[in-house]
Amino acid sequence: MMPRLHARHPLVVALAAMVIAALVGFALAAAAGAGPADVIDALIEGTLGSPFAIGTSLNNAALLMLVAAGFTIAYRAGLVNVGGEGQLCLGGIAATAVGVSMPDGVPMPIGVLTTLTAAALAGAGWAAIAAWLRVKRGTSEIITTLLLNFVGLALVVLMVQEPSLLRQPVTSSETLPQSEPLATSAHLPLLGLAKNPATIAIVLAVILVAAVGIMLRHSAAGLRLSAVGLSGGAAARLGVQVDRTAFLGLTTAGAFSGLAGGCLVTTAPFILADGFSSGFGFAGLVVGLLARGSMTAVAAVSLLFGFLVSGGINLQLAAGVPSSTITVVQSVLIILIAGAAWWTTSAAPSAQKVSV
Amino acid sequence: MNITMLTEIISSGVAFAIPLLLAAGGESISERAGVLNLSMEGMMLTGAFASVLGSVSTGSAVAGAITGVLAGLLFGLGQAALSVRFRADQIVVGIAANALALGLTTFGARILLGDGKGQNVPAFADIRIPVLSELPVIGPALFGQTLLGYLCVAAIVALAVVFSSHTMAGIRIDAVGEDATSAGWTGLAVNRTRVLGVLIASGAGGLAGAQLALSEVRSFSENMTAGMGYLAVVAVIAGRWTISGILWAALFFGVARAMQFALPALGVDIPYAVLVMLPYLIALIAISGFVGGRKAPSCLTVPYVGRV
C-alpha cells in the first residue's frame, strides 16, 4: 500500500533536505569554479560511469547496511550503539588474525565463513563490554560505546605497529606498518561481473537487512526488543527478561559491525592498516538513525551514501572541486533531516526519546 | 631522565593541556545543563580556521583570536538551535557537525588559504615572566605562554569560579541538567539556560582552537585538531563533571600525549598506541561505577519540551 504523502511525511522532508543539500553542494562547487553541469557530469561519471565505480559504491553501501542494521536492533531495545566504529575495528582485527594464519588449501567457503565468524564474534565481544556495564552497573551505553571506539581505533594501530602482533615481517626501514595480506581462501568472492570489484558483501548485507526487518516485525524476539525499548518495567511484568534482551540486542549490534569490519579486510587490498575503517562505523550509525527503524530506509540511505562517496572522489579528479564538498553535502543532509525530526514527528508520533 | 627532558615533557604536556582544558571546561558546563556537544571537535576546528583566516586578512593576531571565538559562537548558535530548540538527536547532530566543520574548513583552506597563505600567519609571541619562568621544571611550562595562552588560563579559572556547583549560576545549570521538568516547574528557563551552556562551550571551543592555531602551531592545516575535541569530551567524562576532576584529566592526557613522543628517546619500550588509548580506558573505568563519585547528569542528551 502506498502511504499517503503530506508535507510532514518523512519522505517529503527527506526529499526537501536533499534538494537543499544539493544546492549547497552546487554553491560550493561554483566557489571552486565548476558549473552545475560539470558537477553532474563528474558525479555520474564517478558513481555510474564505470563498472569499477559501481562496484566500489556497492561495497561501501554493504558496510553501511550492516552497521545500520545492527544499530537498529539495539535501538529497538532502547539502546543507542555509538560504538560501530570500534566494533568494526575489532572485527577487522579478528578477521585479519584468522585470515593471515589460515593454512593454504583451506576451501574458500570454509575460509571465508571462519574469517567472518571470527569478525562477528569479536565485534559482539567488544559490544558486550558496554552491554555488561549497562545491564550490571547502569552505565550509559552511549558514553561507553563512544569511548570504546577510540580504544578500538588505537588497538588497530597497536596491532599493525607491533611485529609480535599482526605487523608484516619487517624486512627494511620502508616496511609499512600494516598486516600481511590475508590468505586467498579468506578473500570474499567477487560477484563475477566484468571489471567490477563488487563482492558478495552486498548480497550478504541485503539478505541480513531483510532478515532483520522480518525478525523485528514478525518474530517473538522482535516483540521482546520492542517491549524492552518502549517500557522496561512493563516488559518485566510480562515476564520478558529485560537485562538479557538488552544485552543480546547490543551484542548483536556489535556482531553486525564486526561483520562489516570482516568484510572490509576480506576485500581488496586484503590488509589491515591504520585508518582502514574510514569512518564507516560512524557513517553507519548516522544511516541507522536517519532510517528510523525502517529496513527499507536502511538499504536506500546506505546506497545513497555509498554512491555519494565514490562520486566525491571523481568530483575532485574530473571537475577540480575539492572532494570535501561531498562531506559538506552529506553533513548538511544529515543535519537537516535530524533538525526536522520535530516537524515530522508531530504527525507520526514514534519512540523518539533517547533515554540515557 | 634528566631535568632538561622532564622540563620538555612538562612544557609540551601543559601546552597540549591548555586548549584541552579550556574546551573541556566549556563542554562540562553544557553537559551539566543537559546538552552533549560531540561537536566540540568541530567547534575547535572552526575556531582554529577562523582565527588563522582573521589573522591573515587583518594582519593582527588579536583580531584573529576574536574571529576564532566569534566563529565558535556562531557554530554554537547552530548547534543550540538544533539540540535545544528543534530537539534534534544530539549525537547525530554532533557527528554531522564535526563532518561539516571538517569539510568546510578543508574546502575553505583550499580556496581562501591556498598558496601557503595559511603558513607564516601573524601569531602570538611567547611572554616569559621574569624570575618565575626560570623556575626549574615547571617554570617554562607555566610562565612561558603567549598572551592568548594566559588569557585561556584566565578564562578557565573564570568558568570554574562562576559556574562552580556553589554559585547561583552553577546551581541553575545543574538543575536543568539533572531534572529539567522540575526545574521548569520552579520557573527556571530550561531551554535558555541550555542555549547559554552550548554557547559557553562553543565560545570556549573557538578560543581553544585559536590558541592551538595562533599560539602553538602558528598555521592552519587540514583537520589540525585531530581528535582533540573528542578528547575534551572524554576529559569531562573522566573528570566526572567536576572542575578538579577535569583539571587532573586534562593535565594527565597532556602529559600522556607528551610521553608518546618522549618515550622512544628515553628508551622505554611501550608502544605509543597504548598511550593513545590510555585516556579513553581511564574515562571508561571512571564512569563504570567501580569508584564512587558524581554520575552523568540525568538529563544529558534528553531534550526538554517547553517554551523557554
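Where in chain B is Trp241(B) found? Keep that question in mind as we walk through this predicted model; the tour will come back to it.

**Stop 1: chain A as a whole**

Start by selecting chain A and colouring it by secondary structure. You will see 14 helices and zero strands, so reading from the N terminus on, every element you meet is an α. The C-alpha atoms fill a box of roughly 60 × 55 × 35 Å along the principal axes. A compact globule of 356 residues would have a radius of gyration near 21 Å, and chain A agrees, with 21 Å. Buried residues make up 54% of the chain. Among contacts with a separation of 6 or more in chain A, 78% join residues 24 or more positions apart.

**Stop 2: a cis bond in chain A**

Now zoom in on Ala268(A) and Pro269(A). The peptide bond that joins them is cis, with omega about 5 degrees. Most peptide bonds are trans. To place the spot, show helix H10 (242-265) and helix H11 (280-291) of chain A: Pro269(A) lies in the loop between them.

**Stop 3: where the chains touch**

Bring chain B into view beside chain A. Here 38 residues of chain B are in contact with 41 residues of chain A. On the chain B side, helix H4 (90-112), helix H10 (228-238) and helix H12 (272-287) each supply at least two residues. The largest share comes from H4(B), with 15 residues. Colour that side of chain B by residue type and you will find 30 nonpolar, five polar and three charged residues.

**Stop 4: helix H1 of chain B**

Select residues 3-32 of chain B, which form helix H1. At 1.5 Å a residue, these 30 residues should span 44 Å, and the end C-alpha atoms are 40 Å apart, which agrees. Look along the helix for a kink of about 30 degrees at Ala17(B), shortly before the proline Pro19(B). Of the 30 residues in H1(B), 22 are buried, so the helix is largely enclosed by the rest of the structure. After the helix comes Gly34(B), with a positive phi near 105 degrees.

While you are here, show the side chain of Leu20(B). Leaving aside its neighbours within four places in sequence, Leu20(B) is in contact with Met228(B), Leu231(B), Ala232(B), Ala235(B), Ala250(B), Phe253(B) and Gly254(B).

**Stop 5: the nonpolar core**

Leu20(B) also belongs to the largest nonpolar core, which has 231 residues. The residues with the most contacts inside this core are Met65(A), Val67(A), Val286(A), Leu20(B), Ala96(B) and Ala235(B). Highlight helix H6 (residues 141-161) of chain A as well, since that helix gives the most to the core, with 15 residues.

**Stop 6: Phe49(B)**

Next, select Phe49(B) in helix H2 (residues 40-58) of chain B. What surrounds this residue? With 30 C-beta neighbours inside 10 Å, Phe49(B) counts as buried. Beyond its neighbours within four places in sequence, Phe49(B) is in contact with Thr105(B), Gly108(B), Ala109(B) and Phe220(B). For a distance to try in your viewer, pick the C-alpha atoms of Phe49(B) and Tyr280(B): they are separated by 27 Å, with their positions 231 residues apart along the chain.

**Stop 7: the loop before helix H11 of chain B**

Back to the opening question: Trp241(B) is found in the loop between H10 and H11 of chain B. Arg240(B) is in that loop too. Most residues other than glycine have a negative phi. Here, phi is positive in both: about 55 degrees at Arg240(B) and near 60 degrees at Trp241(B). Are these residues buried or exposed? Arg240(B) is buried, with 20 other C-beta atoms within 10 Å, and Trp241(B) is buried with 22.

**Stop 8: helix H11 of chain B**

Finish by following the chain into H11(B), residues 243-266. Its 24 residues should span 34 Å at 1.5 Å a residue, and its end C-alpha atoms are 33 Å apart, which agrees. A kink of about 45 degrees lies at Gln260(B), shortly before the proline Pro264(B). Buried residues in this helix include Gly245(B), Ile246(B), Phe253(B) and Arg257(B). What covers the buried residues includes H1, H10 and H12 of chain B. Just past the helix, Gly267(B) takes a positive phi of about 75 degrees.

How values were computed: Residues numbered from 1 in each chain as written. Chains lettered and ligands numbered in written order. Predicted model: local features only at pLDDT ≥ 70, side-chain atom pairs only at ≥ 80, totals over all residues. Helix = DSSP H or I, 4+ residues; strand = E, 2+ residues; numbered from the N terminus. Expected span 1.5 Å × (residues − 1). Bend = angle between axes of the 7 residues up to and from the residue. Buried ≥ 20, exposed ≤ 12 C-beta atoms within 10 Å, placed from the backbone. Contact = placed C-beta atoms within 7 Å. Nonpolar A, V, L, I, M, F, W, Y, C, P; charged D, E, K, R; others polar. Rg over C-alpha atoms; globule rule 2.2 N^0.38 Å. Core = buried A, V, L, I, M, F, W, Y, C linked by C-beta atoms within 7 Å.
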